[in-house]
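Subject: Handover of a structure for your review

Dear colleague,

Please find below the structure I am handing over to you. My findings follow it, beginning with the question of confidence.

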Amino acid sequence: MTARLSLYRKAEQELYKLDRSVKAQFYDFCHIFRGNPDQPGLKKQKLKGDSRIWSARVNQSYRALLTPTGVDADGKENWLVIAVRHRRDVYEELQVAVNRVTGEIEFVDLAVVGDSALRRAGITLTPSEPDPAEAPEPAPEPVRHVAEPEAAPALLASYDAGQLSGLGVADQLIELALAVTESTELDQLLQGAPLLSKDVLYGLAAGMDIDEVRKEITKPVELGQQPDLDDFVAAATRTKVTAVDDDVQAAIDEGDFRAWKVFLHPTQERIVHRHYNGPARVSGGPGTGKTIVALHRVKHLAQRLPPGHNKPILLTTFTKNLTTDLRLRLASLVEPELLARVEIAHIDQLAARVLGENTAPGRGKQRVYDHVALNEMRQLLAELDDRRWEPEFLLEEWEQVILGQSVPTRSAYFQARRAGRGRALTRPERNHIWKLVEQFTARLDKLGVETWGQASERAARFEIERAAKIESRRAYKEEIGGKDLIHRDNSSGMRYLGHRFQHIVVDEAQDLRPAHWKMLRAMADPDLANDLFIAGDTHQRIYDHQVTLGALGINIRGRSSRLTLSYRTTKEILVQAMRVVDDKKATYDDLDDGTDNLAGYRSVLHGPAPTFVPHRTWDDELASLATTLATWRNELSTNENGALSDPSGRIAVCVADRDMVSQAMYYLITKAGITCAELTKDGPKGDGEVHVGTMHRFKGLEYQRLAIIGASDGIIPQTSRIERYRTEDPPRYEREQRRARSLLFVATTRARDALSISWHGKPSPYLPV
């Protein structure tokens with residue numbers, strides 16, 4: 001009888017780590033097994049601990065562990081490879097089962113569990129193939145009665161076996177999990193645990209309560225009906241596997257099993273493939289895979305498009321360099337013909353296109369960034385000798401309230417909502433502000449310029465008018481229809497009018513302006529399913545663009561998901577980063593009228609603890625930075641002269657402002673001989689080996705090793721700029737504090753493996769030191 005072979009996800013990961021020679025021998029094993037699973041040379045035999053697990057010989061040292069999953073209609077046996085390991089690591093106590101929540105096959109490996117945890121549970125592992133060459137265990141010494149040290153409290157003492165079972169933890173791990181007393185022991189226990197068990201137990205250990213774990217971890221992967229725990233055939237159809245056939249030989253020879261497929265966590269996969277009857281949102285801390293989910297969502301939507309050559313899908317984000325990154329990543333994920341069906345543009349580029357379509361040639365205005373507008377506001381107030389309001393406050397009031405809500409008149413401004421804008425304004429104060437704004441906009445108009453905020457608001461109005469025409473046409477068609485509709489279309493120029501996009505996917509959503517959202521809302525048909533998919537995290541909001549999606553016509557209620565597992569940042573870095581935003585006074589919105597939090601945000605990766613380095617002066621700090629970078633460069637070098645294999649994208653330096661960028665780069669280049677590339681809005685400028693930029697420029701990026709310098713009190717936050725608000729406008733003071741915390745939080749979570757934070761003088765109050 002012949003057989004079909006599939007690879008369990010964990011077996012795939014194990015194969016990736018093995019020597020190339022072993023991988024090649026595994027391929028030979030697969031070829032032989034598929035031809036005849038009972039071939040004597042395979043030495044296939046059942047484990048005594050679980051009769052559903054079989055061991056088969058790959059070579060003299062390695063064994064494939066398999067479980068049968070039924071027989072095809074054509075008579076072929078189906079087998080699932082659940083592990084590939086050295087024979088000394090094959091124990092009789094290995095078990096395979098069907099998970100009571102997901103209905104998938106799970107392999108439970110106690111071989112990696114710490115000795116102390118196994119002893120407490122009374123478990124002794126029995127080698128499946130004892131090595132006769134090994135010396136027998138020495139006879140135990142006589143027991144001496146000494147006082148046992150007082151046992152530490154269990155890490156999960158608040159929970160019981162029934163609760164863990166109901167959340168989907170594998171039965172074989174429950175007793176062990178309840179006996180764990182420290183996080184390192186939990187790490188060891190979960191090293192070989194099934195994915196759902198790992199997520200649930202780490203979530204509980206990270207502080208999530210039972211209801212949060214059930215909602216955010218268990219519920220998204222729940223089967224929806226009680227599975228038959230003895231039906232391996234049905235369970236195999238639900239289990240994500242990789243088929244083993246002749247086409248995988250090249251992948252095995254290259255040693256890159258991860259190239260077989262792009263991995264999505266089951267929780268992420270459910271979000272990607274779900275059908276939404278309206279706008280949907282996914283949130284989560286840095287590194288939890290929001291962008292990966294957004295990209296896979298684009299792929300999922302593109303694969304379901306009818307044949308054609310148009311671009312009914314929009315993928316957009318806040319900045320140009322993030323858009324470039326999205327384009328490259330999507331190109332590696334989808335076929336060229338599907339990529340051609342996706343419009344990829346940053347949000348201001350999109351607004352500029354709308355304005356270009358609706359502005360006569362030669363009538364357009366030059367667009368300027370906010371710092372130019374701020375200088376104009378300062379000059380206006382100086383000319384008027386008006387010191388009642390700070391120019392920063394007036395510009396933000398104009399951008400966020402007047403432009404953000406498309407407030408057309410002074411009387412409408414009297415009624416405008418100002419949630420999150422600080423203290424309330426009286427009617428006379430609003431009247432005064434309106435007059436100043438009118439003078440300011442007239443000044444910009446005379447100069448022939450407009451801000452990007454103005455451009456976005458105008459673009460939104462054009463798109464809203466377009467959407468109104470489409471709705472009018474639709475209503476007329478339903479009422480009249482027939483040839484009269486054709487005549488009406490021809491006379492009004494509406495014949496081919498329709499919404500620009502069928503699906504819109506937004507990444508880094510927390511930084512978009514209200515006008516951006518109104519424009520996007522009008523660009524997709526609100527009556528169609530899967531219209532808007534939004535990925536963002538308000539803990540990472542680095543621009544003060546407060547929005548309430550519901551008030552802008554985007555209702556995400558009941559269609560929100562949260563990711564909590566970080567795939568980028570190590571646990572050691574994450575613990576310190578979380579302390580940066582762990583302020584009892586600070587609250588973070590959920591892009592609607594609710595609040596968001598990072599409860600249960602966690603990582604299963606490990607690395608060195610971040611270093612916190614004080615210095616007396618700025619020069620001392622720069623000298624120390626040069627030493628740190630030289631050490632990192634040597635550790636990452638691949639040849640004798642210490643040069644990096646890839647001089648860009650592995651090490652970076654993050655600072656608070658542009659002046660510090662210049663000073664750091666000058667020192668590193670002229671005094672330390674370290675080449676640098678400045679991070680700009682368009683990405684790294686130059687090909688220097690170390691990237692240097694402000695915290696704003698690190699948004700969406702990641703580096704293997706990262707140094708944050710100048711993290712001093714007075715710099716983070718910038719006390720000279722915000723201190724006056726402490727008494728004048730306490731709500732605004734808290735908002736500025738929250739934004740500064742978010743910037744530092746974003747910066748710390750850009751580090752993958754190593755993080756160094758330094759300061760001169762007094763450290764920033766946000767640092768966990």
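Over residues 251–261 the pLDDT stays under 50, although the model has 26 contacts beyond four places in sequence for this stretch. This matters from the outset, as the model is a predicted one. A second stretch, residues 142–148, also stays under 50, and there the model has 0 contacts beyond four places in sequence. Where pLDDT is low, the predicted coordinates should not be read in detail. For the chain, the average pLDDT is 84, and 86% of the residues score at least 70.

I turn next to the sheet. It is open and is formed by 6 strands in the order 11-10-14-15-9-16, with parallel pairing. Its edges are strand 11 (342–344) and strand 16 (560–563), each of which pairs on one side only. From one strand to the next, the twist averages 15°. Strands of a sheet pair through backbone hydrogen bonds, either parallel or antiparallel. Within this sheet, strand 9 (residues 280–284) and strand 15 (residues 532–535) run parallel and are joined by 3 bridges. In strand 15, A535 is the residue that stands opposite V282.

Two helices may be described together with the sheet. Helix 13 (residues 320–331) lies across strand 10 (313–316) and strand 11, and runs at about 150° to strand 11. Helix 22 (residues 514–523) packs on the sheet as well, where it touches strand 10, strand 14 (503–506) and strand 15. The direction of helix 22 makes about 155° with that of strand 14.

How many residues of helix 22 are buried? The count is 10 of the 10, so helix 22 is largely enclosed by the rest of the structure. Among them are H516, W517, K518 and R521. The buried residues of helix 22 pack against strand 10, strand 14 and strand 15, and also against helix 15 (347–357), helix 17 (391–403) and helix 20 (452–479).

Finally, helix 2 (residues 20–35) has 16 residues, and the distance from its first C-alpha to its last is 23 Å, close to the 22 Å expected at 1.5 Å a residue. The residues buried in helix 2 are V22, K23, F26, Y27, F29, C30, F33 and R34. Seen down the axis of helix 2, these buried residues fall within an arc of 160°, and they therefore line one face of the helix.

Yours sincerely

Notes: Residues are numbered from 1 along each chain as its sequence is written. This is a predicted model: local features need pLDDT of at least 70, side-chain atom pairs count only at pLDDT 80 or more; totals for chains, interfaces and linings use all residues. Side-chain values use heavy atoms; hydrogens and water are left out. Helices (H or I, at least four residues) and strands (E, at least two) are DSSP runs, numbered from the N terminus. The expected span of a helix is 1.5 Å times one less than its number of residues. Buried means under 20% relative accessible area, exposed over 50%, partly exposed in between (1.4 Å probe, protein chains only). The arc is that of the directions from the helix axis to the C-beta atoms. Two strands pair if DSSP finds at least two bridges between them. Axes are lines fitted to C-alpha atoms, for helices over the stretch in contact, and angles run from 0 to 180 degrees between N-to-C directions. Contact means heavy atoms within 4.5 Å. pLDDT is the predictor's confidence in each residue, from 0 to 100.
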